[in-house]
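Visitor: I'm new to this one, and I'd like a close look at a single part of it. Could you pick a spot, walk me through it slowly, and then show me a bit of what else is there?

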Amino acid sequence: MKRLLSLLFLTTFVVNAAIAQKVIKGVVKGEEGSPVPGTTISLKGSTNHAIADSKGEFSFRTYAPFPITLAVSSIGFASREVEVTEQNQNNLEIVLKIDNRQINEVSVTARRRNEKIQNVPIAISVIRGGVIEDAGAFNVNRVKELIPSVQLYSSNPRNTTLNIRGLGSTFGLTNDGIDPGVGFYLDGVYYARPAATTFDFVDVEQIEVLRGPQGTLFGKNTTAGALNITTRKPTFAPSASAEVSYGNYGYIQAKASVNGKIVNKLAGKVSFSGTQRDGTIYNVSSQRHVNDINNIGARAQLLYTASERVNITLIGDASKQRPEGYAQVIAGVVKTQRPAYRQFDNIIADLKYELPSRNPFDRLIDHNTTWRSGNDQGGLSVNVDARIGGGTLTATSAWRYWNWDPSNDRDFTGLSVLSLSQATSKHQQWSQEVRYAGNFSSKLSGVIGVFVIGQDLKTDPVHIEESGSAQWRFSQTTTSELWKTPGLLDGYGIRTTSRLKTVSGAVFGQLDWAITEKLHVLPGLRYNYDDKKLDFSRKTYGGLQTNDAALLALKNIVYTDQVFSANTDNTNLSGQLTVAFKANNNINAYATYSTNYKPVGLNLGGLPTASGKPMLELAEIKPEYVQHFEVGLKTSPSASSTLNLAIYNTDIKDFQTQVQTAELGVNRGYLANAEKVQVRGVELDGNIRFGNHFSLFGAVSYTDGKYKSFKNAPVPLEETGAANAFKDISGGRLPGISKWAASLGGEASVGGKFLGQGGRYFVALDGYYRSEFSSSPSPSPYLNIDGYTLVNGRIGFRAAKGVSVFVWGRNLFNKNYFEQLLVAAGNAGQYAAVLGDPSTYGVTIRYVFSPSN
């Protein structure tokens, strides 16, 4: 009897199970009707899923009661949810729309609210995080290859120039007493030091590059544009990702991120990135490869949803770099106008020295001073977003630090000329921004805000520059035998103590007045206040201890004491007016006139001398005044394409520039004003997607930048030693600007399976071209960099969830090129180069975990 009951129970269970179990069948297609293989179809609320085959067909079994909901996703398409009933369970036809977020559906926050990029009357480019990661663009220096209007030059993190359209920061070696003209924002926080641009990206959502002055939209004044970077925010749905890359030159990069709910209303996210790579230059003296990469960084976020209308985000981050890096190689030698005995080749011949190579692309050095670039940054920020009325009130409070511990060989040789060059520094900043952005009426919207930032930059504890035993021969100005006095300059140097304290504040706003649905007028104003205090003290030390007046006079030719201070505060009113006309949903035209302002600069690198006395009139340089005109046309020829055009002209009065001098005491150059500068250009960019399988992007820019008037500029390297140390370079071109620059790239993909998961197989190529450009603030035919083209590529499998794997290569054709040329301290005739990376290649494996919700 028991056996009979058991058999009856089992039979009943099997029958019921068979009845309850359902088979779901269907096909996934694109809008044009072609199948979308590799699509993931998940039963919402469970781990049950299927992968569409090569015909786009799928099937799976479930016991869930009707109606059920399927989550459907495929790389390159917009995800959607589909309800399944008993009537359609066996003949589902799911149509996916192409995901045009990479094209004209990209949302940006450039005007402090979410809106489609094609509706914003600003020249703006966007790179999404996935594109950045797949392209191997792990810092801003790589991003410039995707946006040709961006220029970045870095001989080390401190000496980093970030420009847009050739304007923003001084070219060459950085002077800390000047404000950058390109704003660098990360999650709403302004980063004051340019070294921030050299750190690795950590979990970036997207980068918005705004071109042209933006002083009425952002807290800190931006005379040339802004990089507005946002990271991926915490969510309450759990997720995690991990990625590791291996490549040649011992390249290893690891990234990880964990995200999810902590308690009710509180979510958190922790992200990490680490990068290491062996050096690409060989030091024959130390028998070591240098210019390696050694970066590590982490970022933690907490999101508290206080209510439906209030979100609070707390972010903390810390990053450090410890490379034996940023060595430069001798790129060439110029004959100056100094006497024959002061020419570089004659000097090294007398010292019985030979360079390890005269070909910079042999990548050989013999430097006898260690290259060190200890670079740390981090901080805390709190952001509060409160929806009030028709808009959002945002308050962002932040504190940040930057510590810099360098060692450089500024003579670029194995000789003991400059045995020490160390400008150790510490910087702290605090900032507060409060703004309201939203609709004030049915026809009036905009943003109004206040911003204040305080900065404290000081030597830590001193900046040191010290001569070695060979310095006398490079500094020798006469044939007097006294120069050969043993130990005269050996160990002779300067210790500089300086401190710059600044406070800047601003009230800013921009309105958007909809005169009609198609015609908008956008006026904006900014009132700015800047207060700067500088104390500078430079003292000589070491060398031969003597009371001999003649020997002391020789020492004073090389280094002298300098003490000065500066205290300045100033205000400025600037603004802009834009008229935008949206002819239809696919055409948006705009015209902008704006004025802008960069505050007073203070020289922190030492002052040049005249008749043995420091030129104190150069301690403070005038503010820049910018007038900018721009017209633009944004079009969407189709739902899957964009084509945008911008034409602009920028005139600058009292342009702040960094110029080189032959004096060792100011070997990092000094600030000066060029009376008038003009930059004008044309930019064209576009994207297009062809069906499900191919996409293409491209951008080209023409930029013409010149000194309209610079009557008292230092002479270029080859004219060092001329009767006059200054010359009129009016009409000469600005450094760092290629007349032509372009980016072009595309990707082909097809859906498929890999390790049992859905995704897309892809192959992608992108190229970057720039024409030749000047690498000297005073134009020199010897310091021009030839144009070059770089080609990068990737091939592999990409999945929205699960495993992605691809191989990649950068500079596929191993192009030898210079990124920057630098004159050696003292202007003896030699100049060095920052070399571009050789061909690199590797493989990336990525895993994304995101359980079905």
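Guide: Here is a walk around one residue, Glu-624, followed by a few strands and some aromatic rings. Keep in mind that this is a predicted model.

Let's start with where to look. Glu-624 is found in strand β38, which covers residues 624–638. Is Glu-624 buried or exposed? Its relative accessible area is 3%, and buried means under 20%, so Glu-624 counts as buried.

Now, what surrounds Glu-624? Leaving aside residues up to four places away in sequence, Glu-624 touches Asn-596, Tyr-597 and Lys-598, and also Ile-652, Lys-653, Asp-654, Phe-655 and Gln-656. Gln-656 deserves a second glance: the side chain of Glu-624 reaches the backbone nitrogen of Gln-656 at 2.9 Å. You can also try Ala-674, which is 50 residues from Glu-624 in sequence, while their C-alpha atoms are 9.6 Å apart in space.

Since we began in a strand, here is a general point: side chains in a regular strand alternate between the two faces of the sheet.

Next, some strands that pair up. Strand β27 (residues 391–407) pairs with strand β28 (residues 418–439) in the antiparallel sense, over 14 bridges. To find that pairing on screen, look for Gly-391, whose bridge partner in β28 is Gly-438. β28 also runs antiparallel to strand β29 (residues 444–467), and 20 bridges join these two. There, Lys-426 stands opposite Lys-458 in β29. With four residues between them, β28 and β29 form a hairpin.

Finally, the rings. The count of aromatic pairs comes to 22. Take Tyr-707 and Phe-710 as an example: their ring centres are 5.3 Å apart and their planes sit at 50°, so this pair is tilted. Both partners are tucked away from the surface by the numbers: Tyr-707 is buried at 0% relative accessibility, and Phe-710 is buried at 2%.

Elsewhere, Tyr-153, Phe-171 and Phe-773 form one aromatic cluster. Phe-773 has a charged visitor too, as Arg-770 lies over the face of its ring, 3.8 Å from the ring centre. You can see another such arrangement at Phe-762, where Arg-798 lies over the ring face at 4.0 Å from the centre.

Notes. Residues numbered from 1 in each chain as written. Predicted model: local features only at pLDDT ≥ 70, side-chain atom pairs only at ≥ 80, totals over all residues. Heavy atoms only, no water. Phe/Tyr/Trp six-rings, centres within 6.5 Å; stacked < 30°, edge-to-face > 60°. Buried < 20%, exposed > 50% of the residue type's maximum accessible area, 1.4 Å probe, protein only. Lys NZ or Arg CZ within 6 Å of the ring centre and 35° of its normal. Pairing = 2+ DSSP bridges. Contact = heavy atoms within 4.5 Å. Polar contact = N/O pair within 3.5 Å; in protein donor to acceptor, adjacent residues only side chain to side chain.
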